[in-house]
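Me: I am new to this structure and would be grateful for a close look at one part of it. Please choose one sheet, describe the strands within it and the residues around it, and then set it against the rest of the chain.

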Amino acid sequence: MGHQQEHDFNGSSTLLPLEPVVVVMFPFPTQGHFSAVVHLSHLLSARGIPVHFICTAVNIQQITQRVQAGNLSATNPIQFHDLGIHSFPSPTPDPNSSNKLPVQLAPTFEGVVNFHQPLAELISSLSATAQRVVLVHDCFMAFAVEKASSSAKIHNLEVYCFSPFTIFTALYTRWEIYGRPNWPSFEYLKEYSHQLTIDGCLLDGFFEKIMSPQMKLASQISSGYIYNTCRPLEGKFIDILLSVPPFQGGNMTLWCLGPLVGRLPAVGGTPQKSSAASVKSRYKCLEWLDAQPQNSVLYVAFGTATTLSEEEINQLAKGLDCSQHRFIWVFREADRNDVVDANNEVRRIGLPIGFEKRVTEGGMGMIVRDWAPQVEILAHPSTGGFLSHSGWNSVVESLGMGVPMAVWPMHSDHPWNAVLVTEVLKVGVFVQEWANRNDLVSSTMIDKVVRKLMDSDDGKDMRRRAEELSLALRKSVLPAEGMSSTEELDLFIKHISRSLKIKLFKCCFYFLSINSVRAYVCASFF
């Protein structure tokens with residue numbers, strides 16, 4: 001083990017043992033990007049790896065308010081570091097925009113490069129206390145990581161990229177980034193190609209100016225990639241990814257550590273009707289679920305970065321009403337950069353007149369306007385379906401709990417996730433396919449989809465497959481199930497904790513050899 005020097009007041013010094021490895025988490029500062037990273041941090045911390053999480057003060061408040069305390073390790077707490085950078089400008093979300101990618105987050109994508117200085121200071125200070133500093137960064141933080149590592153010049157830094165996307169999505173974007181090459185392994189994807197396009201997923205110029213350069217740079221500065229996925233979800237696509245650059249030939253390591261979801265039900269166990277008392281006291285929706293029949297409730301939520309138009313809200317409300325199915329609808333505005341600012345003015349979105357009173361008094365529905373405990377709702381035995389934007393975190397959480405989905409892709413990676421859910425895994429149904437994204441989703445469409453998901457024989461088949469997939473995902477986090485995610489995590493920890501003796505020996509040998517040559521040359525010259 002290495003040592004660091006500590007000086008006392010008398011001028012003498014002692015050698016203190018260095019930590020073998022410390023991990024620094026550097027996520028993109030939005031809920032959809034950092035929630036899985038928080039869970040990964042917990043898993044590493046629970047295994048005794050010191051974890052430092054560097055983000056904005058707003059992010060720290062979000063994590064404190066939204067992440068259940070039980071998901072964080074008490075014995076090895078994560079150390080949070082405030083970047084010291086105030087929130088970015090936050091334009092008001094435009095609910096009527098033809099492009100649903102949250103314009104309010106555009107300044108964040110452009111401004112995160114300025115995070116490099118506080119990051120450099122943190123990894124520099126940690127490099128003196130550990131034999132190895134492992135930096136895990138979001139793929140959209142590559143510019144900041146490159147600047148920080150260049151300025152800090154840390155000899156014991158090792159960098160890994162955490163991708164918030166599916167491997168299914170990553171394959172398509174890499175194909176685009178590399179100029180659509182003729183990769184033989186892509187033959188399998190051709191059957192889905194008619195539904196896969198980057199058109200309409202991103203803001204104008206985003207792919208060329210931000211996404212593509214960041215992902216190319218991430219491949220250059222990283223020693224490996226981490227994905228929130230596993231073989232039961234994407235086994236075929238994992239094999240394909242390993243056959244294309246930069247993974248081809250073993251040049252880049254790939255770690256599939258998913259599902260990064262808190263509290264998956266135990267294998268062989270049955271879901272509990274009652275959630276933890278501390279959770280139930282905060283969330284009345286869980287008490288409401290306790291009173292509903294099994295698999296009878298549709299959960300409706302669109303993540304933290306989606307804004308519906310007034311007409312979309314009206315049609316959705318009318319469709320839910322017509323379906324005559326119980327539901328919980330998380331009805332809240334999309335996050336802005338200053339999400340926890342009490343003085344932040346947000347659009348006061350409204351429901352059709354009389355709708356909320358009618359469904360709540362009739363016991364058919366519940367409207368949740370604040371943060372909802374999504375994992376606990378999906379884990380509840382009364383929840384029988386999830387109408388979602390198909391963000392990857394939501395997909396992993398839903399399938400981890402065995403809940404089939406009605407997917408309504410909005411932007412970003414949602415179209416790929418929706419195809420994965422409906423066409424590949426066959427555990428869901430489209431509300432609207434991406435090709436028809438500019439058409440209004442009518443109440444009739446909502447009614448039809450809800451009934452198919454919750455009532456039909458097709459819906460029962462989707463639920464059966466979702467439950468089978470949930471079992472596979474739960475087994476994947478057990479240590480004795482072949483190449484499980486837990487074993488993958490243990491291998492990752494073993495890899496980043498590997499001995500530095502060989503490297504140090506090589507460095508010393510190289511140094512001595514070079515100096516021996518120099519001495520010989522000097523002697524010969526004179």
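Reply: Two strands are said to pair if DSSP finds at least two bridges between them. With that term in hand, strand S14 can be introduced: Ala406 in S14 is the bridge partner of Leu387. The model under discussion is a predicted one.

The sheet chosen here is open and has six strands, in the order S12-S11-S10-S13-S14-S15, with parallel pairing. Its edges are formed by strand S12 (365-368) and strand S15 (428-430); each of these has a single partner strand, so one side of each is left without a neighbour in the sheet. From one strand to the next, the twist averages 15°.

Within that order, S10 is followed by S13. Five bridges join S10 to strand S13 (residues 383-388), and the two run parallel. Two of the facing residues may be located by eye: Val297 has Thr383 in S13 as its bridge partner, and Leu298 stands opposite Gly385 in S13. Helix H11 packs on this sheet, where it touches S10, strand S11 (326-330) and S13. The direction of H11 makes about 160° with that of S11.

On its other side, S13 is joined by three bridges to strand S14 (residues 405-407), and this pair also runs parallel. The Leu387 and Ala406 partnership mentioned at the outset belongs here. How enclosed is S13 by the rest of the structure? Six of the six residues of S13 are buried, so the strand is largely enclosed by the rest of the structure.

The surroundings of S10 come next. Thr306 lies in the loop that runs between strand S10 (297-301) and helix H11 (310-323). Is Thr306 buried or exposed? Its relative accessible area is 5%; because the limit for a buried residue is under 20%, Thr306 counts as buried. Leaving out residues up to four places away in sequence, Thr306 touches Ala334, His389, Met410, His411 and His414. A polar atom of the Thr306 side chain lies 3.3 Å from the backbone oxygen of Phe302. Arg332 is 26 residues from Thr306 in sequence, and their C-alpha atoms are 9.6 Å apart in space.

A second residue deserves attention, namely Gln374 in helix H13 (residues 374-379). Gln374 is likewise buried, with a relative accessible area of 15%. Which side chains make polar contacts with the side chain of Gln374? One is that of Tyr299, at 3.1 Å, and another is that of Glu397, at 2.7 Å. Tyr299 and Glu397 are also found among the contacts of Gln374 beyond four places in sequence, together with Ala301, Phe386 and Ser394.

The chain holds another sheet, which may be set beside the one above. Seven strands form this open sheet in the order S5-S4-S3-S6-S7-S8-S9, again with parallel pairing. Strand S5 (79-82) and strand S9 (253-256) are at its edges; each has a single partner strand, so one side of each is left without a neighbour in the sheet. Neighbouring strands here are turned against each other by 25° on average, direction ignored. S9 pairs with strand S8 (residues 224-227) in the parallel sense over four bridges, and Trp255 in S9 is the bridge partner of Ile226. Helix H6 (residues 167-177) lies across S8 and S9 and runs at about 135° to S8. Helix H18 (residues 485-496) lies across strand S3 (19-26), strand S6 (130-138), strand S7 (157-163), S8 and S9, at about 135° to S9.

Finally, the whole chain gives the setting for these parts. It contains 19 helices and 15 strands, and buried residues make up 55% of its 526 residues. Of the contacts with a separation of 6 or more, 76% are between residues 24 or more positions apart. The exposed area of the chain is about 23600 Å², of which carbon and sulfur atoms supply 54%. A search of the whole structure finds zero disulfides. Among the cysteines, Cys55 is buried at 2% relative accessible area, whereas Cys322 counts as partly exposed at 37%.

Key: Residues are numbered from 1 along each chain as its sequence is written. This is a predicted model: local features need pLDDT of at least 70, side-chain atom pairs count only at pLDDT 80 or more; totals for chains, interfaces and linings use all residues. Side-chain values use heavy atoms; hydrogens and water are left out. Buried means under 20% relative accessible area, exposed over 50%, partly exposed in between (1.4 Å probe, protein chains only). Contact means heavy atoms within 4.5 Å. A polar contact is a pair of N or O atoms within 3.5 Å; within protein, one must be able to donate a hydrogen and the other to accept it, and residues adjacent in sequence count only if both atoms are side-chain atoms. Axes are lines fitted to C-alpha atoms, for helices over the stretch in contact, and angles run from 0 to 180 degrees between N-to-C directions. A disulfide is a pair of cysteine sulfur atoms within 2.5 Å. Accessible areas come from the Shrake-Rupley method with a 1.4 Å probe; for residues, only the protein chains shown count as cover.
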